[in-house]
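Visitor: I have never looked at this structure before. Could you walk me through how to read it?
Guide: Gladly! Let us look at it together.

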Amino acid sequence: APYLSVASRSGSKSNGASIFRCPSDAVELHQVNLAGRPPYPFSYSMNAYCCDNGRAYAHLANNSTKNFKIGLVRKPSQKIMLIDESEKTVNDGLWVPEAYDYDQLADRHHHHHDDQLQNDGSLGNVGFFDGHAQQVTRLDARNPLFWDPLQ
């Protein structure tokens, strides 16, 4: 916990865990994890294809789940590393792009916000491997050109 304390401009320290929560995320709406664990308390989920996650790699032909290194990422300015996940689906901190019924990009900052989970042009916030962040559509977030680190 001492590693997550963040000094504010006034010099006082606060719990740095709040940096992992979007201020407009309704954390109280997060769902219980599929494995029965308590709701995931954060807003952001990591691309499961970059953390040796067998659930994600089961969908790929190469089944490469061992020893993933960030240096393997091709076109890091185009590959999504983190998403701001919808409070309706965030449950474990992992984002499996093909599992869009379970892992959905949040659209809470899009002016056409919809309470229904849809795989459309709604915009959500993502972070890329090169460190920049921007909004992408849910359709783009499902495109392997944006999430498969080896493509």
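Visitor: Among the elements of the protein chain, which has the lowest mean pLDDT and which the highest?
Guide: Keep in mind that this is a predicted model. Where pLDDT is low, the predicted coordinates should not be read in detail. Here the lowest mean pLDDT, 52, belongs to strand β1 (residues 5-7), while strand β4 (residues 80-84) has the highest, 95. For the protein chain, the mean pLDDT is 78, and 71% of the residues reach 70 or more.

Visitor: How many helices and strands does the protein chain have?
Guide: There are three helices and seven strands. If you follow the sequence, they come in the pattern β-β-β-α-β-β-β-β-α-α.

Visitor: In what order do the five strands of the open sheet stand?
Guide: A general idea helps here: strands of a sheet pair through backbone hydrogen bonds, either parallel or antiparallel. In this case the order is β5-β3-β4-β6-β7, and the pairing is mixed. Strands β5 (94-95) and β7 (133-137) each have a single partner strand, so they stand at the edges, with one side of each left without a neighbour in the sheet.

Visitor: How many bridges join β3 to β5?
Guide: Two bridges link β5 to strand β3 (residues 44-47), and these strands run parallel. To find the place, look for M46, which has L94 of β5 opposite.

Visitor: What share of the residues counts as buried?
Guide: Of the 151 residues in the protein chain, 38% are buried. The accessible surface is about 8,700 Å², and carbon and sulfur atoms make up 55% of that surface. You can also look at contacts: among those with a separation of 6 or more, 52% join residues 24 or more positions apart.

Visitor: How many aromatic pairs are there?
Guide: The count is three. One of them is F20 with F42: the ring centres lie 5.7 Å apart and the planes meet at 75 degrees, so this pair is edge-to-face. Both F20 and F42 lie in the loop between β2 (13-15) and β3, so the pair ties together parts that are 22 residues apart in sequence. Y40 and F42 make another edge-to-face pair, at 5.5 Å centre to centre and 80 degrees between the planes.

Visitor: Which residues form one aromatic cluster?
Guide: F20, Y40 and F42 do.

Visitor: And why does F20 count as partly exposed?
Guide: Because its relative accessibility is 35%, which falls between the cut-offs of 20% for buried and 50% for exposed.

Terms used
Residues numbered from 1 in each chain as written. Predicted model: local features only at pLDDT ≥ 70, side-chain atom pairs only at ≥ 80, totals over all residues. Heavy atoms only, no water. Pairing = 2+ DSSP bridges. Helix = DSSP H or I, 4+ residues; strand = E, 2+ residues; numbered from the N terminus. pLDDT = per-residue confidence, 0-100. Buried < 20%, exposed > 50% of the residue type's maximum accessible area, 1.4 Å probe, protein only. Contact = heavy atoms within 4.5 Å. Areas by Shrake-Rupley, 256 points an atom, 1.4 Å probe, with all protein chains shown as cover. Phe/Tyr/Trp six-rings, centres within 6.5 Å; stacked < 30°, edge-to-face > 60°.
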